[in-house]
Amino acid sequence: MPADVLFPTDFRWGAATAAYQIEGAHAEGGRGPSIWDTFSHTPGRTANGDTGDVACDHYHLYPQDIGLMRDLGLDSYRFSISWPRIFPTGSGSPNQEGLDFYRRLISELRDAGIEPFVTLYHWDLPQALQDRGGWANRDTVGRFGEYAHTLATRLGEGVHNWITHNEPSVVTYLGHLLGTHAPGARSLRTAIQVSHHLLLSHAEGMDALRAEARPGDQVGITLVVAPVEPAGDSQADADAARLWDGLVNRWFLDPIFHGRYPEDMVEHYGENGPDIQPGDMERIATPVDFLGVNYYNRMVVRHDPASSPVQAALVQPTGRTYTAMGSEVYPEGLYQILTRVRDDYSPGAIYITENGAAYEDAVVDGNVPDQPRQQYIHEHLLQVHRAIEEGVPLRGYFVWSLLDNFEWTYGYGKRFGLIYVDYPTQQRIIKQSGRWYAEVTRENGVES
Ligand code: FCB
């Protein structure tokens, strides 16, 4: 059946990756270590002791990967730059070999008719900056500004869409409160201060990028946004859901769009709240050109007095479908958060910068029949379309991910790709979902 749910003619179809998850070549081209090298090489931090040392070897195989993007009919590709490839020691003069790698990547993407969407920070801080306090140190904000300035001047000719940060909430809570992501810190006070510095660095980065921008260049930030619902009818569950929403959604959306942290959360954090200097909040609220939204699932929470920091715990509703990550398949949540973001924050433009799912893929006679992933993406695209029909200014959609890759603490055990990667041989196989997505990009739509 041909596509009958059609998208706007200028709607962008893409896929996304991140440097540490795909590049490999961790000690080549003058690259310095990042906090994820240190973290993944620490015993017990990742499943199976997996690291990003080799990953998908995209550093060497990128021409082939661009060919695969063409096979999928992508007109856009979201990737991130490895900060320690550009500044191996965190400061000083930039590493030309690192810049050359991205220059080649960007120019070959452009030759293939694929628009680069470039993320500056997808979690791989130079270890040298971590040694000086990392994101807990306000100086890192200035280092990020220098990094952004370098990218704008050295790569800006080929890049018209920049994303400062990917999911600062994950860096905040998993990296600095729960300690399950690099750098593995466990302190609420530190985490909240880190969140403020991340937001401030977003503003600093935007200024640096805009100072060199060409007409039409766009700068935004990517947040992971999720609808939060109380598990039961009690007031305690309702309060838990409100605070969880404050933690993951409003703590980041409010400062960017309203120039203030949410009052209930400031009150809740009390003396763990951030040190804010005069002018910080005004800077953070510098208008973005677009908001990047990553969506995977909704969050259902119950009151749990033993859980820090908001006395709430996630529950998994019964009778629902789950991905291999254990996240609930809940496509209507994407529609819900898009309309909410529109109503509460009115961004001028929105991209879905990540959406996708992990499943237990297997190669069968040279094919990867991943029907559940195809269905997941299909159902979410119908919700994206529904939001567009209701006036949400959606400009594009990026599947997470182009390739199976290093899924952080889960290592290589979780596969999100439209393209299967056989790690021992680095052979790529376009999955059934990838072939289907090629039809979507060609027809600019899906079946109802
Ligand atoms: C997001 C991350 C991305 C990937 C997906 C599954 O939170 O931005 O790197 O890990 O989840």
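## The ligand and the pockets

An oxygen atom of the ligand sits 2.8 Å from an N or O atom in the side chain of H122. Keep in mind as you look around that this is a predicted model.

H122 has company here. In the side chain of Q21, an N or O atom is 2.8 Å from an oxygen atom of the ligand. E407 joins in too, with a polar side-chain atom 2.8 Å from a ligand oxygen. How much of the ligand's accessible area does the protein cover? On its own the ligand has 290 Å² of accessible area, and the protein covers 91% of that.

Now let's see who else is around. Besides Q21, H122 and E407, the residues around the ligand are W123, N166, E167, Y296, E354, W400, W408 and F416. Sorted by class, this shell has 5 nonpolar, 3 polar and 3 charged residues.

So much for the neighbours; next comes the space itself. Rolling a probe the size of a water molecule over the atoms shows where empty space is left. Which pocket does the ligand take up? The ligand's space turns out to be the largest pocket, and the volume of this pocket is about 1,300 Å³. It is lined by 50 residues, and V170, L174, N297, M299 and L314 are the closest to its centre. Helix 8 (168-176), helix 10 (235-258), strand 9 (299-303) and strand 10 (312-315) are the elements that each give two or more residues to this lining.

There is also a second largest pocket, with a volume of about 160 Å³. Its lining is made up of R103, I106, S107, R110, T153, R154, L155, G156, E157, G158 and R214. Two or more of these residues come from helix 5 (96-111), and likewise from helix 7 (139-155). Which helix gives the most to this lining? That's helix 5, with 4 residues.

Here are the two pockets side by side:

| Pocket | Volume | Nonpolar lining | Polar lining | Charged lining |
|---|---|---|---|---|
| Largest pocket | about 1,300 Å³ | 30 residues | 15 residues | 5 residues |
| Second largest pocket | about 160 Å³ | 2 residues | 4 residues | 5 residues |

If you want to find your way around on screen, start from the ligand and pick out the side chains of Q21, H122 and E407. From there, look for V170 and L174, which are among the lining residues closest to the centre of the largest pocket. Then move on to helix 5, which gives 4 residues to the lining of the second largest pocket.

How values were computed:
Residues are numbered from 1 along each chain as its sequence is written. This is a predicted model: local features need pLDDT of at least 70, side-chain atom pairs count only at pLDDT 80 or more; totals for chains, interfaces and linings use all residues. Side-chain values use heavy atoms; hydrogens and water are left out. A residue is near a molecule or strand if one of its heavy atoms lies within 4 Å of it. A polar contact is a pair of N or O atoms within 3.5 Å; within protein, one must be able to donate a hydrogen and the other to accept it, and residues adjacent in sequence count only if both atoms are side-chain atoms. Accessible areas come from the Shrake-Rupley method with a 1.4 Å probe; for residues, only the protein chains shown count as cover. On a 1 Å grid over the protein atoms alone, a cavity is a set of points where a 1.4 Å probe fits but cannot get out, and a pocket is an open set with protein on both sides within 12 Å along at least five of seven lines; lining residues have an atom within 4 Å of a point. A molecule sits in a cavity or pocket if more than half of its atoms lie within 2 Å of its grid points. Ala, Val, Leu, Ile, Met, Phe, Trp, Tyr, Cys and Pro count as nonpolar, Asp, Glu, Lys and Arg as charged, and the others, Gly among them, as polar. Grid points are joined across faces, edges and corners, and a volume is the space filled by probe spheres set on the points.
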